[in-house]
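Trainee: Before I return to the bench, could you show me how to read a structure, feature by feature?
Mentor: Gladly; let us put it in front of us and begin.

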Amino acid sequence: MLADLIERQERALLTTEVRTSPEHLRRLLTDDFFEIGSSGRMLYRTEDAATMDLGEIHITLSDFSLETIQDEVVLATYRTEDHSSGRIALRSSIWVNVDGEWKMRFHQGTVVPPSRN
């Protein structure tokens, strides 16, 4: 099932092994990948292709959902919790099928403000 595959790949992108490996990242990200991170930082794979290293994080993923945009293009949405900071973020990714392999084309994270009770 496609949703299971994309969720596994999203989870892989949260691991130190994948995030610090240009080889792993090349397999999961398109050549024209870009990201707007929850920090507001912009990341373009083309600028960082030789040394791309997203760094170590301690984040868990929940509430995963996948919607088809069109043939060979899907939108993944989910929630993450950063265990270092306690910060919650809503995330979305666009995945495209490139020569039979699903790769991430775009990613965005938006921080959820802390509740004020």
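**Reading the sheet, the salt bridges and the pocket**

Trainee: What kind of model is this?
Mentor: This is a predicted model, and local features are described where pLDDT is at least 70.

Trainee: Let us start with the sheet, then. In what order do the strands lie, and how are they paired?
Mentor: The general idea is that in a regular strand the side chains alternate between the two faces of the sheet. In this structure, 6 strands make up an open sheet with mixed pairing, and their order is β2-β1-β6-β5-β4-β3. Because β2 and β3 (59-70) each have a single partner strand, they stand at the edges, and one side of each is left without a neighbour in the sheet. From one strand to the next, the twist averages 15°.

Trainee: How many bridges join each edge strand to its partner?
Mentor: At one edge, β1 and β2 run antiparallel and are joined by 3 bridges, with E35 standing opposite L43 in β2. At the other edge, β3 and β4 also run antiparallel, and 9 bridges join them; T60, for instance, has E81 in β4 as its bridge partner. The hairpin of β3 and β4 has 2 residues between the strands, and in this hairpin E72 takes a positive phi near 75°.

Trainee: Now the charged side chains. How many salt bridges are there, and how should I read them?
Mentor: Side chains of opposite charge can pair when their charged atoms come close. Taking a side-chain nitrogen of Lys or Arg within 4 Å of a carboxyl oxygen of Asp or Glu as the cut-off, the count comes to 3 salt bridges.

Trainee: Which of them lie within a helix, and how far apart along the chain are the partners?
Mentor: E7 and R11 form a salt bridge, at 2.8 Å from N to O; these residues are 4 residues apart in helix α1 (residues 2-12), so about one helical turn separates them. R11 is partly exposed, its relative accessible area being 37%. E23 forms a salt bridge with R26, with the closest N and O atoms 3.7 Å apart, and both residues lie in helix α3 (residues 22-28), 3 residues apart, about one turn of the helix. E23 counts as partly exposed at 45% relative accessibility, and R26 likewise counts as partly exposed at 36%.

Trainee: And what does the salt bridge between R105 and D32 link?
Mentor: The side chains of R105 and D32 meet at 3.2 Å, N to O, and this pair links distant parts of the chain, since R105 belongs to strand β6 (residues 101-111) and D32 to strand β1 (residues 29-36), 73 residues apart. R105 is partly exposed with a relative accessible area of 27%, and D32 is partly exposed with 41%.

Trainee: Lastly, what is the volume of the largest pocket, and which residues are closest to its centre?
Mentor: Rolling a probe the size of a water molecule over the atoms shows where empty space is left. Here the largest pocket has a volume of about 460 Å³, and of the 25 residues that line the largest pocket, R19, E35, I57, I59 and R91 are the closest to its centre.

Trainee: Which strands supply the lining, and what classes of residue are found there?
Mentor: At least two lining residues come from each of β1, β2 (42-44), β4 (73-82), β5 (88-98) and β6, and β4 gives the largest share, with 4 residues. By class, the lining of the largest pocket holds 12 nonpolar, 5 polar and 8 charged residues.

How values were computed:
Residues are numbered from 1 along each chain as its sequence is written. This is a predicted model: local features need pLDDT of at least 70, side-chain atom pairs count only at pLDDT 80 or more; totals for chains, interfaces and linings use all residues. Side-chain values use heavy atoms; hydrogens and water are left out. Buried means under 20% relative accessible area, exposed over 50%, partly exposed in between (1.4 Å probe, protein chains only). On a 1 Å grid over the protein atoms alone, a cavity is a set of points where a 1.4 Å probe fits but cannot get out, and a pocket is an open set with protein on both sides within 12 Å along at least five of seven lines; lining residues have an atom within 4 Å of a point. Grid points are joined across faces, edges and corners, and a volume is the space filled by probe spheres set on the points. Ala, Val, Leu, Ile, Met, Phe, Trp, Tyr, Cys and Pro count as nonpolar, Asp, Glu, Lys and Arg as charged, and the others, Gly among them, as polar. Two strands pair if DSSP finds at least two bridges between them. Axes are lines fitted to C-alpha atoms, for helices over the stretch in contact, and angles run from 0 to 180 degrees between N-to-C directions.
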